[in-house]
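Work through the exercises below with the sequence and the 3D view open. Try each task before reading its solution.

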Amino acid sequence: MTLAVRYTSARTLDTAPAAGSSPGPGEVELAPAFVGICGTDLHIFHGDMDARVATPAVLGHEMAGRIVRVGPGVEGWRPGDAVTVMPLRWDGTCPACRAGHQHVCQHLDFIGIDSPGAMQQRWTVPASTLVRLPGGLPLDRAALVEPTAVAVHDVGRAGVRDGEKAVVVGGGPVGILIALVARAAGAEVRVVELNAHRRLLAEELGLSTWDPAADDITELVQQWTGGAGADVAFEVSGAAAGVETAVDVLGVRGRLCLVAIHPRPREVNLHRFFWRELTLVGARLYERGDFERAVTLVADGTIPADRLISKVVPLTEASAAFEALESGADVMKILVDCTATGEAQEAAV
C-alpha cells in the first residue's frame with residue numbers, strides 16, 4: 001500500500017492510501033523522495049483555489065525522486081534514474097502553444113494543481129516532463145530545482161545583465177532564489193524584506209538587505225545608485241506596498257518584473273512609467289531551458305539549497321508543515337519526505 005497527502009477541504013489534509021496503476025504508454029512511475037511546499041500549495045490549503053482544484057487533490061509540484069517503472073514506448077529512462085519533474089502539460093494546439101509559448105498554454109494542466117501531484121509514495125507522470133538529475137546531487141537539495149527554475153525564468157524575463165543594480169522586493173524562498181540567480185548573472189542585488197529571520201538568512205548567503213519598516217528604501221536606492229535608480233526590480237511580495245516600492249526604486253528605462261500573484265487589482269503609479277519610460281514584464285512558470293539551468297545552479301552550489309531547507313517532515317505530518325508555514329514561523333522551505341513516516345527533522349540553517 002502506498003500513501004498520499006490529499007487536500008479535502010479548506011485547511012484540511014489527510015494521508016490516505018493511493019490507488020496504484022501501471023504506467024501507460026509514454027508514462028513513467030516515480031517514487032518521490034522529497035516534495036517542497038510552496039505558496040500556491042498554501043493558497044490551495046486555505047481554500048482559495050477550490051474553484052480550480054478538484055477534491056480530494058494530491059498536492060505538490062516541487063520534487064525529486066527516482067524512476068520505479070517505465071511504460072511502453074518510453075526510451076532513454078530506466079528504473080533508478082534520479083529525476084525531477086517540470087510539472088506542465090500543454091495541449092500544443094492553442095494560440096500560445098502555436099506561438100512557441102507552451103509553458104503558458106491557454107489550456108495548461110499544471111500537475112499538482114489541476115491534476116494529481118507529487119506528495120505521494122508513487123506518482124505516474126508523462127515521460128516528457130522528466131528532467132534528469134546528476135548522480136551526486138542529494139535528492140533533498142534537488143527538490144529546490146523547481147522554484148529555482150522559477151527564479152531563472154524571472155531573471156531571464158527581466159533581462160538582467162552584468163553590472164546592473166537589481167532590487168528584489170520580498171525575501172521569501174522565491175525572492176531569495178531570484179536574488180541568488182541575479183547575482184550569478186552579474187547583478188548587484190538588494191533584498192527588501194520585513195521579516196528579520198529572512199533578512200538574516202539572506203545576509204548569511206552574502207546578500208545585502210533592507211528593512212522597509214525601518215529604512216527609506218527609495219532614498220537608499222538613490223544613495224546606492226548615485227541618483228540613477230535601479231535598473232531592474234522584482235515584485236515578489238504580493239503586497240500593495242511592494243508594488244509601490246518596486247516602481248519607485250526604478251531609474252530611467254528600468255524594468256519591473258512582476259513575479260508575485262496578486263489576488264486583486266493594485267494601484268500603480270502610471271505617471272512614473274510615463275515619466276521614466278519604465279517597462280513592466282510578467283513572469284509565469286518556466287521553460288525547459290530554465291529547468292536545465294536550475295539543475296546546474298543547484299548542483300554546482302550556486303544555489304545553496306541546503307541552507308534554504310528549514311525542516312523536513314514525514315509524509316504523515318504534512319498537515320503540520322502547512323500550518324507552520326501559514327503561521328509565519330521562522331522557516332524558509334519545508335520539505336515532505338515521502339519515504340518516511342517518522343518524526344520531523346530540523347535542517348541546519
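Three exercises follow, on strands, a helix and salt bridges.

This is a predicted model, in which local features need pLDDT of at least 70, side-chain atom pairs count only at pLDDT 80 or more, and totals for chains, interfaces and linings use all residues. Residues are numbered from 1 along each chain as its sequence is written, and side-chain values use heavy atoms, with hydrogens and water left out.

**Exercise 1. Strand pairing**

Find the partners of strand β15 and trace the path from β14 to β15.

*Solution.*
- Start with the terms. Strands (E, at least two residues) and helices (H or I, at least four) are DSSP runs, numbered from the N terminus. Two strands pair if DSSP finds at least two bridges between them.
- Take β14 (residues 230-235) and β15 (residues 250-258). Five bridges link them, in the parallel sense. Within this pair, Glu235 faces Leu258 of β15.
- Follow the chain. It leaves β14, passes through helix α8 (residues 240-248) and enters β15, a right-handed β-α-β crossover. Right-handed means that, with the strands pointing away from the viewer, the path from the first strand over the helix to the second runs clockwise.
- Now look at β16 (residues 279-282). It runs parallel to β15, with four bridges between them. Here Leu258 has Gly282 as its bridge partner.

**Exercise 2. Helix α10**

Check the span of α10, then locate its buried residues.

*Solution.*
- The expected span is 1.5 Å times one less than the number of residues. Helix α10 (residues 288-299) has twelve residues, so it should span 16 Å; its end C-alpha atoms lie 17 Å apart, which agrees.
- Buried means under 20% relative accessible area, exposed over 50%, and partly exposed in between (1.4 Å probe, protein chains only). In α10 the buried residues are Asp290, Phe291, Ala294, Val295, Leu297 and Val298.
- Their arc around the axis is only 165 degrees, so they sit on the same side of α10. The arc is taken from the directions from the helix axis to the C-beta atoms.

**Exercise 3. A salt bridge**

Which parts of the chain does the salt bridge between Asp81 and Arg132 tie together?

*Solution.*
- A salt bridge puts a side-chain nitrogen of Lys or Arg within 4 Å of a carboxyl oxygen of Asp or Glu.
- For Asp81 and Arg132, the closest N and O atoms are 3.4 Å apart.
- Asp81 is in the loop between β5 (62-70) and β6, and Arg132 is in strand β10, so the pair ties together parts 51 residues apart in sequence.
- Asp81 is buried, at 13% relative accessibility. Arg132 is partly exposed, at 43%.
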